[in-house]
Amino acid sequence: MKSRRLAALLLLPASAITLIAFLLPMGWLARLSLDLNDGGILVAAVTADNYRHFFTDAFYLGVLWRSVWVASSVAALAVLAAYPIALFLFRTRSRWRGLLAVLTIAPLLVSSVVRTFGWMIILGDQGWINSTLLALGLIAAPVQLMNNTTGVLIGLTEIMMPTTTLALLAGFARLDLTLEEAARTLGASPWRCFRRVTLPLTAPGIAVGVLVTFVLSISSFITPSLLGGGRVPMLASTIYEEALETLNWPMAAAISLILIAVFGAVLVGYERLARRWA
Amino acid sequence: MSIGFRALVAALFCFLLAPLFVVLLTSFSNDAFLAFPPREWGLHAYRALWANQAFREGFGVSVALAGTATLISLGAGTAASYAIARSRLPGREALLALFTAPLLLPGIILGLGLLLVFAQFGLLATWTGLVIGHCLVTLPYVVRVVLTALRGIDATLEEAAAVLGAAPWRVFRRVTLPMMLPGMTAAAALSFLASFDEVVITLFLVGPRLTTLPIEVWHTIEYRADPQISALSVALIALTAALVVVVERSLGVLRAMGR
């Protein structure tokens with residue numbers, strides 16, 4: 001394309017959408033986080049009070065700590081659960097490989113509300129697990145698997161698994177199957193071969209998997225809200241409540257910026273790692 | 001690969017697919033609530049779903065909204081991708097990063113930002129507000145997918161047409177556009193899906209009289225779980241599968257998702 005004016009014209013509609021729906025709201029959000037809230041009424045100000053409040057109040061600190069804890073646990077669990085699948089998909093020469101790859105990614109395209117609903121059916125007090133255990137006489141009363149952290153951990157781990165698998169596979173480039181064969185031929189036991197060859201070569205994939213899963217988990221809203229039943233407040237659900245229930249918009253905005261800061265810190269860590277492995 | 005490893009992988013696949021399997025199975029329960037095992041099998045849930053007025057209205061809103069947002073972002077996104085791929089305008093890489101940046105941020109923050117601005121301009125619980133909010137979701141997908149497709153097209157074919165005397169518009173219409181169509185089809189399908197399934201941002205923008213289908217589902221399952229929701233979920237999965245087939249046939253799912 002020769003004409004710069006034409007190129008600029010073609011870029012105009014998308015730029016306008018991005019300006020109105022993205023840049024303006026984000027700027028507004030940043031500005032509002034410096035305002036004050038007085039019983040649901042917005043008071044214009046330029047103060048760091050919301051941030052100070054967040055980092056001194058036991059409730060908010062609890063939310064931050066819980067979010068980091070849940071996201072780290074889910075990152076570890078999802079990588080543990082996705083690693084064998086990724087390794088299998090990477091190694092297999094089976095004619096089912098294509099189908100299995102599709103089955104791995106397919107849940108990613110299904111709405112997380114639907115998938116979380118599936119977990120509600122499984123984990124509820126009258127759910128599949130409790131009904132089965134009760135019928136077998138293994139328990140006398142339903143075990144609480146939902147509306148608590150356990151439920152959030154189980155559900156969120158499964159929700160993250162397809163993304164984690166893709167991230168792992170993307171980092172498996174250095175894994176050469178002939179190296180594993182060589183180690184085995186030279187007499188290494190399967191476990192030793194895994195620990196000394198496979199694991200070091202897939203370490204970049206594991207790092208990417210952990211980071212991606214952590215970032216997505218710490219900002220997740222749907223699954224923690226539904227499976228936590230309001231008893232597992234995390235950063236995203238607290239933003240939602242401050243915005244739509246307490247109507248403390250400045251606080252909601254401040255928590256959003258704190259979440260973005262966590263994101264930024266993790267992404268910087270990721271960049272550093274990626275450069276080291278590149 | 002040993003038997004033990006294969007068994008482990010099989011078990012993990014079961015875990016991964018458990019919620020979808022459970023939803024499918026319970027949708028054929030005739031019970032009033034979700035008991036396990038269902039006392040009676042049948043199609044009651046699907047009949048009740050068909051008769052549910054709130055879900056029907058939500059479905060209408062969702063389809064119209066996803067269609068509108070897809071049309072707008074397909075137009076704006078294709079034009080922008082073409083300019084980014086084929087011009088030497090300075091700063092076009094920065095613009096590309098800006099257009100796809102919303103994909104990196106959590107929906108909850110994007111939704112809150114829109115709420116704050118829309119409250120100021122009276123756009124909450126309006127069609128305009130919903131369409132703008134959903135374009136924010138769909139535009140990054142369109143730009144990324146169409147650009148991937150465009151970069152896979154040999155630019156020398158366009159140059160050849162130009163050298164042979166075709167006017168720029170003719171080159172675009174007869175050479176570029178036909179080659180771009182698979183990418184645009186995949187982008188449209190993905191965009192429709194992204195808008196149709198959107199919950200988090202939409203929660204901030206809807207009102208009692210204007211609600212999308214996923215929001216209706218969200219508010220329903222906060223309080224109760226019955227086979228009707230399972231049936232609805234199966235219908236949504238079927239819609240997803242149909243759109244995924246469109247993406248796979250036109251561009252390939254993996255390529256469209258940038259892997």
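How many helices and how many strands does the secondary structure of chain A come to? Twelve helices and two strands.

**View 1. The fold of chain A, in a predicted model.** Here a helix is a DSSP run of H or I with at least four residues, a strand is an E run of at least two, and both are numbered from the N terminus. Going along the sequence, chain A reads α-β-β-α-α-α-α-α-α-α-α-α-α-α. As for bookkeeping, residues count from 1 along each chain as its sequence is written, while chains are lettered from A and ligands numbered from 1 in the order in which they are written. Since the model is predicted, local features need pLDDT of at least 70 and side-chain atom pairs count only at pLDDT 80 or more, though totals for chains, interfaces and linings use all residues.

**View 2. The dimensions of chain A.** The C-alpha trace spans about 75 × 70 × 35 Å along its principal axes. Chain A has a radius of gyration of 23 Å, where a compact globule of 278 residues would be near 19 Å (taken over C-alpha atoms; the globule rule is 2.2 Å times the number of residues to the power 0.38).

**View 3. Where chain B touches chain A.** The contact (C-beta atoms, placed from the backbone, within 7 Å) takes 64 residues from chain A and 66 from chain B. On the chain B side, helices supplying at least two residues each include α3 (53-86) and α8 (168-197). The most comes from α1(B), with 14 residues.

Terms used:
Two residues are in contact if their C-beta atoms, placed from the backbone, lie within 7 Å.
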